[in-house]
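Visitor: Got a minute to walk me through this one? I'd like to start with how the chains pack.
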Amino acid sequence: MKTVSLSAPTRSSTVKFRMPTRDNLVPIRVDVEVDGQRYRDAFTWNPRDPDSEIISFAKRTAKDLKLPASFVPQMLQSIQGQLAEFRSYEGQEMQIKEKIMPLKIDLRVNNTLVRDQFLWDIGNLDSDPEEFARTLCDDLNITDPEVGPAIAVSIREQLYEIASQSVSAMREAKVSKKRRAPEFASNSKAMNNAVDMFKYFGSKGSVIRKRKEWYLYAPVVDVVPNEEVVVVDTTEGA
Amino acid sequence: MATPPAATATNSAPTPPKPPYKAPPFSQPPSTAGAGKTETPAASTSTAAAAVVAAVAATGAAAEEPSYIITVPSYSAWFSYDSVSDTERRLMPEFFQGEAAAASGSRGPEAYKYYRDTLVKRFRVRPERRLTLTEARRGLIGDIGSVRRVFDFLEEWGLINYGVSLPGVKQGRDKREEPVAPQSSLPAGVSAPKKLCIGCRTVCGQAYFTCEKADITICCRCYVRANYRPGLTPADFKKVETSEDAKSDWTDKETLHLLEAVMQYGEDWKKISEHVGSRSEKDCIARLLRLPFGEQFMGPKEDKMQFETDDDITDESRAEISKRVRLTPLADASNPIMAQVAFLSAIVGSDVATAAAQAAISAQSQVDETNDSPADSSIGSPKEEESCYTNGFSANDLLKEASANARVQLEKERKDIEQSLSDIVDVQMKEIQAKICRFEQKELLMEKERQQLHYLQKLLFADQLAVVQHQCRPHAVTAENEADENPKPVLTS
């Protein structure tokens, strides 16, 4: 896990919108259904790749998975839409406070279930969800190689959510300057989750987590037998 | 395809959400996750399960002997799991150069190594099966673009999917990157260095922009989109055109068409490009300029053309091109000898041809030939056609001389051989004579000995006779002689 930075809590800087990670990669989720066939996927995309890459990627994926060509335009639309949305945020500013947010992982990939919760410093622009995912899979001996990317995408999605909310909060703040906006930013819903570090690192707290909270933060990996996988698929897929 | 349901960050309660299905809610501590590993290779037809099986098999296969052979093409012999070779550094610069790669992580050398090793291992578990990008990238943690580039690179160099039948041409494949890898590693260095755009990491096509300040190359698209570092302004970038010839070589036919068109239409580039066919006016002009005699046609117009020629069209290829071109004006000469000579000269090269011409000139001055008028006219002329002409003629004389010389020498050799043969014979005869002499001497000696023996024999015989005579005389006479003679009785009656 990334180390928690302990500088003064009042410091905050406005930065151009970007993913608060070392690599500015966008999480993309695709869910396309054509003629009863469904394609669901999640991956990480580099927004600096040219648009021609999207087309070739869509075609290649459809070909590899033996999907009919009718999938391609919908996939394209979905990916391009998400990228456009990301780019629409790009020119704007967001406020990076050093907030430590809890992130959650709760996903099932093929036969493996992963549930986890951890604290993430969203002010750390050098953080790396990919490395986290790799380490998690290695440490928990997860054999299915598809779990790693799913975890990375999940983390990125959460971080993206936080960043985009921060941008919209800044916008609101600018619009409503009369009302002394900066306090509002800290009162927004998303920021309620932020852990108040004073509680931990003030005079009365300690860095070590309390034992009763251990279960909350321990990662859980279940390997589910195939019959249950089928059951889950049918309940989810509808 | 199964997708993980992502938990949203708007969850206020910091407790994990209830699972929507009736799975046993016990939590498996990590130590028993290993036991779970062995249960997963249960029968399942999805490719993901196959990947799990593959992973298990990989760990198992490491312990046992490999039961199949993985072939790697010879041009990829540099590959090894332990290190990153220079070929890779050169051909995948985005991972090894630039400020993005300096920080490790999704961009750096470790990432490249991780992608590469995982992909190769994954393929090698089932080498008869084609590893698709989708399957591979699902198991790789990283952004799609980088994974795809490494995958394409490995597939091109035969480290992945080598020998596996291709199910048809990939439509969406980035064909621009394809010819880069094997070509740029050839020592001939014929291809121009493909410029890689820093912004989008694709090969720059016709023109690109360079910035001296930061030594950055970006393609047109990135320039337009201002996809470069914030500290730079559009004014800092200069446009650089890449030469067209590097990408599409002119064939002989096209060059021929071009020359015909030039002769026919003069400088009407529209018509010329029509005549040539698939070449634009700019291409035709550029091509003509590159021909060695093209400059004669172009003359002062050259200044107006601002093509930056890449130095990487080496002299070798240029000479080749010019050789081919030189053939065409002479090829349609009616004189077949000229055509032959032109052909010879083209093959041999200008330096050799001039050297041969000079040698021929000197040879001809020694040998008296009747047909020396065209040869004389070419003395001192550096023009290639005429020097080839003399080259052709003097070749005949040289040949004749050479054959005469050869014959003379043959005769000499033969005589020498005969001489030496006769010498050998003489020597042998002498030997034999000497032997005969010796034998004769020996015979003489033998004769002498024989005569001596004869003489001795006779003496003996005479002695014997005397003895017998003495015995046969009356005893009175013998009694007296016996006392003188041998007392032994010698004879028998």
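Guide: Sure. Keep in mind that this is a predicted model. Start at helix 1 of chain A, which passes helix 8 of chain B in a left-handed crossing.

Visitor: Which residues make that contact?
Guide: From helix 1 of chain A, Glu53(A), Phe57(A) and Arg60(A). From helix 8 of chain B, Ile144(B), Arg148(B), Arg149(B), Phe151(B), Asp152(B) and Glu155(B).

Visitor: How does the contact of helix 1 of chain A with helix 8 of chain B split by class?
Guide: Six charged residues, three nonpolar and no polar ones.

Visitor: And the geometry? What is the angle between those two helices, and how far apart are their axes?
Guide: Helix 1 of chain A covers residues 51-64, and helix 8 of chain B covers residues 144-156. They pack at an angle of about 65°, with axes 12 Å apart. Angles of 65 to 115 degrees count as roughly perpendicular, so helix 1 of chain A and helix 8 of chain B are roughly perpendicular to each other.

Visitor: Switching to the inside. How many residues are in the largest nonpolar core?
Guide: 52 residues. Ile151(A) and Ile155(A) have the most contacts inside that core.

Visitor: Which element gives the most to this core?
Guide: Helix 4 of chain A, with 10 residues. Other elements of chain A each supply at least two, including strand 2, strand 5, helix 2 and helix 3.

Visitor: What does Ile155(A) touch, leaving aside neighbours within four places in sequence?
Guide: Leu103(A), Ile105(A), Phe118(A), Trp120(A), Pro129(A) and Phe132(A). Another core lies apart from the largest one. That one has 25 residues, among them Phe95(B), Leu140(B), Phe153(B) and Trp157(B).

Visitor: Back to helix 3 and helix 4 of chain A. Are they oblique or parallel?
Guide: Their axes come within 8 Å and cross at roughly 140°. That makes helix 3 of chain A oblique to helix 4 of chain A. The crossing is right-handed.

Visitor: Which residues of helix 3 of chain A meet helix 4 of chain A?
Guide: Pro129(A), Glu130(A), Phe132(A), Ala133(A), Leu136(A) and Cys137(A). Among their partners in helix 4 of chain A are Ile151(A), Ile155(A) and Leu159(A). By class, this contact has 10 nonpolar, one polar and two charged residues.

Visitor: Last one. What is the overall picture for chain A?
Guide: Nine helices and seven strands. Of its 238 residues, 51% are buried. Among contacts between residues at least 6 apart in sequence, 72% join residues at least 24 apart.

Conventions. Residues are numbered from 1 along each chain as its sequence is written. Chains are lettered from A and ligands numbered from 1 in the order in which they are written. This is a predicted model: local features need pLDDT of at least 70, side-chain atom pairs count only at pLDDT 80 or more; totals for chains, interfaces and linings use all residues. Side-chain values use heavy atoms; hydrogens and water are left out. Axes are lines fitted to C-alpha atoms, for helices over the stretch in contact, and angles run from 0 to 180 degrees between N-to-C directions. Helices (H or I, at least four residues) and strands (E, at least two) are DSSP runs, numbered from the N terminus. Angles under 35 degrees count as roughly parallel, over 145 as roughly antiparallel, 65 to 115 as roughly perpendicular and the rest as oblique. A crossing is left-handed if the near helix is turned anticlockwise from the far one by less than a right angle, and right-handed if clockwise. Contact means heavy atoms within 4.5 Å. Ala, Val, Leu, Ile, Met, Phe, Trp, Tyr, Cys and Pro count as nonpolar, Asp, Glu, Lys and Arg as charged, and the others, Gly among them, as polar. A nonpolar core is a set of buried Ala, Val, Leu, Ile, Met, Phe, Trp, Tyr and Cys residues joined through side-chain atoms within 4.5 Å. Buried means under 20% relative accessible area, exposed over 50%, partly exposed in between (1.4 Å probe, protein chains only).
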